[in-house]
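Me: Please take a close look at one helix in this model. Then follow the packing and the ring contacts elsewhere.

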Protein chains: 2
Amino acid sequence: MRPVSIIPVSGMPEVRPGDDLVGLVLAALTRLGEALRDDDVLSVAQKVVSKAEGRLRRLDDVTPGPEALRMAGEAPEKDARVLQIVLDESSRVVRWEHGVLITETHHGFVCANAGVDRSNAGAADTVVLLPVDPDASAAALREALRARTGRTVGVVITDTFGRAWREGHVNVAIGIAGLPALERYLGQLDPQGYELRVTEMAIADEVAAASELVQRKLDRCPVAIVRGMEPGGRSEPATTYVRPPERDLFR
Amino acid sequence: MRPVSIIPVSGMPEVRPGDDLVGLVLAALTRLGEALRDDDVLSVAQKVVSKAEGRLRRLDDVTPGPEALRMAGEAPEKDARVLQIVLDESSRVVRWEHGVLITETHHGFVCANAGVDRSNAGAADTVVLLPVDPDASAAALREALRARTGRTVGVVITDTFGRAWREGHVNVAIGIAGLPALERYLGQLDPQGYELRVTEMAIADEVAAASELVQRKLDRCPVAIVRGMEPGGRSEPATTYVRPPERDLFR
């Protein structure tokens with residue numbers, strides 16, 4: 001097998017609502033002397049997708065309700081309007097302790113603050129929300145890239161999530177098109193005849209994590225190309241990662 | 001920034017207790033026409049480290065105690081001897097439900113079955129345990145590689161862990177030498193003056209995840225080189241990832 005390359009797509013401009021994100025990515029690639037190839041996987045940070053889609057809320061437009069006000073009373077460093085937005089983006093609060101708010105988003109993802117982010121929003125008193133349907137966003141990016149370049153690529157939309165038990169954040173996949181979420185090794189036997197312990201690898205999450213290796217030292221590098229991984233033809237949405245509550249020991 | 005390359009080190013032989021793991025890696029590299037460079041990061045699967053270190057137990061040598069026997073009574077598909085070994089490798093049981101056993105290892109990692117693995121153990125009725133001190137194992141590999149090649153590299157020892165809330169396993173770092181566990185962005189401000197939401201990225205976990213992108217389709221490819229990521233001079237152990245129980249909302 002050949003090496004896999006992670007290629008940073010640097011030099012993207014600030015993305016604004018209504019921007020043609022695919023056009024901005026292709027222009028950045030051209031400036032870098034790079035071009036998409038079939039079977040490349042494009043890793044795209046959620047924030048630029050959300051901004052292009054206009055998934056922003058101004059704090060001035062928000063009136064916090066009783067639950068947000070109660071929570072802000074328990075954690076004075078929190079803005080009740082931001083808490084209200086997080087609740088709006090959530091189907092359920094998983095934990096609310098010491099000012100840490102872990103919720104389940106409407107997509108089913110469990111993460112801090114429902115992915116609502118005040119940093120790099122592009123305007124004061126504005127927050128960025130997760131895309132309404134990140135899998136659909138990934139599919140739309142994939143189709144637009146195919147229409148404009150003739151290349152068939154995979155797309156992973158990423159966000160940075162914390163983890164239970166482990167310090168630090170990692171990039172994970174919240175939207176997928178054109179590659180599997182899980183690679184299954186079910187039923188494969190090792191040389192002694194035992195079924196392999198690890199049966200499902202979260203390959204799109206690992207693509208997301210890998211893209212951070214080139215994005216970490218660069219300002220404004222929301223996109224990376226993962227080249228050479230042979231994504232295969234199977235496509236699964238990122239909602240495949242949502243563990244059903246009845247199988248979840250930690251929800 | 002240049003691309004980061006993930007290079008599979010394929011063609012390793014079966015590793016046995018007492019084997020010279022560094023010698024086996026260097027021989028595989030020579031066969032591939034590859035050589036280590038300064039600032040490469042070597043990602044090494046835990047299983048070959050544990051095997052070289054003799055971290056194996058034969059089930060015939062194990063007498064299950066009352067707790068293991070009680071648990072085997074609750075989950076008849078489980079071998080009481082394996083359960084006893086998992087308990088021996090654990091400081092605490094975090095969850096035991098539906099035959100799923102999540103424990104805290106003596107290192108502090110929370111994972112299924114304390115990392116004890118029956119597959120690919122190299123012999124029937126034998127299980128592989130995690131290294132006693134994976135950070136020390138990583139440091140020893142790093143020093144041996146420096147002594148024998150003159151190159152200064154980073155080393156990450158990986159295992160495949162499940163996650164709370166998300167389906168699928170990912171490769172994570174359980175031992176680190178020569179690179180940071182966390183890259184801190186504390187106090188950095190975005191253009192609007194807000195502190196960045198993501199303050200600590202688990203960079204060695206992301207190295208571990210990236211290495212899976214080349215290992216997934218190959219038999220017996222326990223080692224990969226991550227080249228071009230500029231690991232920097234700071235070194236932190238993988239135990240940095242262990243969230244203190246008093247800060248952990250899910251333990």
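Reply: Start with helix H1 of chain B, residues 21-31. The model is predicted. Buried residues in H1(B) are Leu21(B), Val22(B), Gly23(B), Val25(B), Leu26(B), Ala28(B) and Leu29(B). An α-helix has 3.6 residues a turn, so residues three or four places apart point the same way. What do the buried residues of H1(B) pack against? Two strands and a helix come early in the list: strand E1 (4-9), strand E2 (41-45) and helix H2 (46-52) of chain B. Helix H5 (134-149) and strand E12 (223-227) of chain B complete the list. Just after H1(B) comes Gly33(B), with a positive phi of about 70°.

Now a helix pair in chain A. Helix H3 (residues 66-74) packs with helix H4 (residues 80-88) at an angle of about 130°. Their axes are 8 Å apart. That angle makes H3(A) oblique to H4(A), because it lies outside the perpendicular range of 65 to 115 degrees and is not over 145. The crossing of H3(A) past H4(A) is right-handed. From H3(A), the residues in contact are Glu67(A), Ala68(A), Leu69(A), Met71(A) and Ala72(A). From H4(A), they are Ala80(A), Leu83(A), Gln84(A) and Leu87(A).

Next, the rings. There are four aromatic pairs over all chains. One of them joins Phe109(A) and Phe161(A), with centres 6.3 Å apart and planes at 70°, so the pair is edge-to-face. The cut-off for that label is over 60 degrees. Phe109(A) sits in the loop between strand E5 (100-105) and strand E6 (110-112) of chain A. Phe161(A) belongs to strand E8 (residues 154-161) of chain A. The two are 52 residues apart, so this pair links distant parts of the chain. Phe109(A) is buried, at a relative accessible area of 2%. Phe161(A) is buried too, at 5%.

Chain B has an edge-to-face pair of Phe109(B) and Phe161(B): the centres lie 6.4 Å apart and the planes stand at 70°. Phe109(B) lies in the loop between strand E5 (100-105) and strand E6 (110-112) of chain B, and Phe161(B) in strand E8 (residues 154-161), so the pair ties together parts 52 residues apart in sequence. Phe109(B) counts as buried at 2% relative accessibility. Phe161(B) is buried at 5%.

Finally, charges over rings, across the chains. Arg163(A) lies over the face of Tyr241(B), 5.7 Å from the ring centre. The charged end of Arg163(B) sits over the ring of Tyr241(A), 5.7 Å from its centre.

Definitions and conventions. Residues numbered from 1 in each chain as written. Chains lettered and ligands numbered in written order. Predicted model: local features only at pLDDT ≥ 70, side-chain atom pairs only at ≥ 80, totals over all residues. Heavy atoms only, no water. Phe/Tyr/Trp six-rings, centres within 6.5 Å; stacked < 30°, edge-to-face > 60°. Helix = DSSP H or I, 4+ residues; strand = E, 2+ residues; numbered from the N terminus. Buried < 20%, exposed > 50% of the residue type's maximum accessible area, 1.4 Å probe, protein only. Lys NZ or Arg CZ within 6 Å of the ring centre and 35° of its normal. Axes fitted to C-alpha atoms, helices over the stretch in contact; angles between N-to-C directions. Parallel < 35°, antiparallel > 145°, perpendicular 65-115°, else oblique. Left-handed = near helix turned anticlockwise from the far one by under 90°. Contact = heavy atoms within 4.5 Å.
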